[in-house]
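The following exercises concern the structure shown below. Each task is followed by a solution that proceeds in steps.

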Amino acid sequence: MYQLFLIDDEPWALTGLEQILPWQDYGFSICGRYTSPQKALLAMGEKHPDAVFTDIRMPKLSGIELISRARAEHGNHMEFVIVSAYSDFEVARRALEYGAVGYVLKPLEADEVREVALRLKAKLEQKQGLHSLALDLEAADSVEQAAAQLQRLLPAGQTCFVGIPEEPAPLPAGWSGVPLELSGRPACFCWSSAQEPPALPCACGWSIPRRDAAALGDMIREALAAFWGRFAYSSHPAVAEIQSYLGQNYGQQLSLSKLASHFYLSENYLCDLFKKNTGETILNFLKALRLENACRLLRETSLSIKEIAGAVGFSDYSYFGRTFRRSIGQTPDHYRSSWARKKEK
């Protein structure tokens, strides 16, 4: 559902615009209605609407001035429709030069508003798939260039996440997103919103939230770790950083003392903090990470069981086999062969 602002200095006209269409049937949710263009402009920085219907002739701030200031102060993600009287027809046409999707004339006709609403929705849907950034995660220049482009494409002032969905998923309502193309990696998006990550209809690995996309490389690695390890980051910043470190270094020989030293914490405080904010111990979290990634390697590679055990941080091949069987319910060999049979069906 796209978020919509309605702006008109005449309350009766604002009510008429709100009631002329069943907006939800056309994919819009009215998240703001304003008789003051100044208040509407201020609210844009808080609510981040996708689209705006605005009257053109208003005191102190005209519709055209509103569009110009909104673009300068809040970025180019919003789409505008001008509402004008017949006497302002030429002014409304000039509004198109400022990037307005269209205009509707007063007195409003439902068919005309419906036509513009459909055009507006098509424009917003087109924008969602318009930009796709290809980058090489191992090349610093490539990541920096992609991050700079994202800074221009995504709305300013919103929280950024990288998400890796298990299956193709539509962008959540009210979110802005850009697909990222990573060589040999799952499809992922850089999403931006004022909200927390939503529950998608499929599993999704989310990065730690950032104020902007400048740390794109870190966010992608975090999302990959969460996607492959099947975990969600804690809202506690320090615990999220510990999860990220474990998610990207599970293949190393890690101990509580090494981990505590890395984060400049005592072992007791580290363990208590982690369990309090995740509900599980660090060692259990690390074991689950290693087994999830072992399952992935068994499904996706032809590495030997011994090679996989070493790759996910088990120095003892026999211990890996016993641990895998206790947790997964079958041996690594059986897991691999049963997965292969499923793929053939």
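**Exercise 1: Helix α2 and its cover**

The cover over the buried residues of α2 includes β1 (2-7), β2 (28-34), β3 (51-55), α3 (63-74) and β4 (79-85). The model is predicted: local features require pLDDT of at least 70, side-chain atom pairs count only at pLDDT 80 or more, and totals for chains, interfaces and linings use all residues. Residues are numbered from 1 along each chain as its sequence is written, and side-chain values use heavy atoms, with hydrogens and water left out.

Task: State which residues of helix α2 are buried and which are exposed.

Solution.
Step 1. Fix the terms: buried means under 20% relative accessible area, exposed over 50%, and partly exposed in between (1.4 Å probe, protein chains only). Helices (H or I, at least four residues) and strands (E, at least two) are DSSP runs, numbered from the N terminus.
Step 2. Within α2 (residues 37-47), the buried residues are Pro 37, Ala 40, Leu 41, Ala 43 and Met 44. These residues lie on the same side of α2 because they cover an arc of only 165° around the axis, the arc being that of the directions from the helix axis to the C-beta atoms.
Step 3. Lys 39, Leu 42 and Glu 46, on the other side of α2, are exposed.
Step 4. Just after α2, His 48 has a positive phi of about 50°.

**Exercise 2: The open sheet**

Task: Give the order of the 5 strands in the open sheet and identify which strands stand at the edges.

Solution.
Step 1. Two strands pair if DSSP finds at least two bridges between them.
Step 2. The order is β2-β1-β3-β4-β5, with parallel pairing. At the edges stand β2 and β5 (102-106), each with a single partner strand, so one side of each has no neighbour in the sheet. From one strand to the next, the twist averages 20°.
Step 3. The parallel pairing of β1 and β3 extends over 4 bridges; Ile 7 has Thr 54 in β3 as its bridge partner.
Step 4. Helix α2 packs on the sheet and touches β1, β2, β3 and β4, its direction making about 165° with that of β1. Axes are lines fitted to C-alpha atoms, for helices over the stretch in contact, and angles run from 0 to 180 degrees between N-to-C directions.

**Exercise 3: A loop residue**

Task: Locate Glu 280 and name the residues that Glu 280 touches.

Solution.
Step 1. The loop between α10 (267-278) and α11 (282-300) contains Glu 280.
Step 2. Glu 280 is partly exposed, with a relative accessible area of 28%.
Step 3. Contact means heavy atoms within 4.5 Å. Not counting residues up to four places away in sequence, Glu 280 touches Phe 274, Lys 275 and Phe 285.
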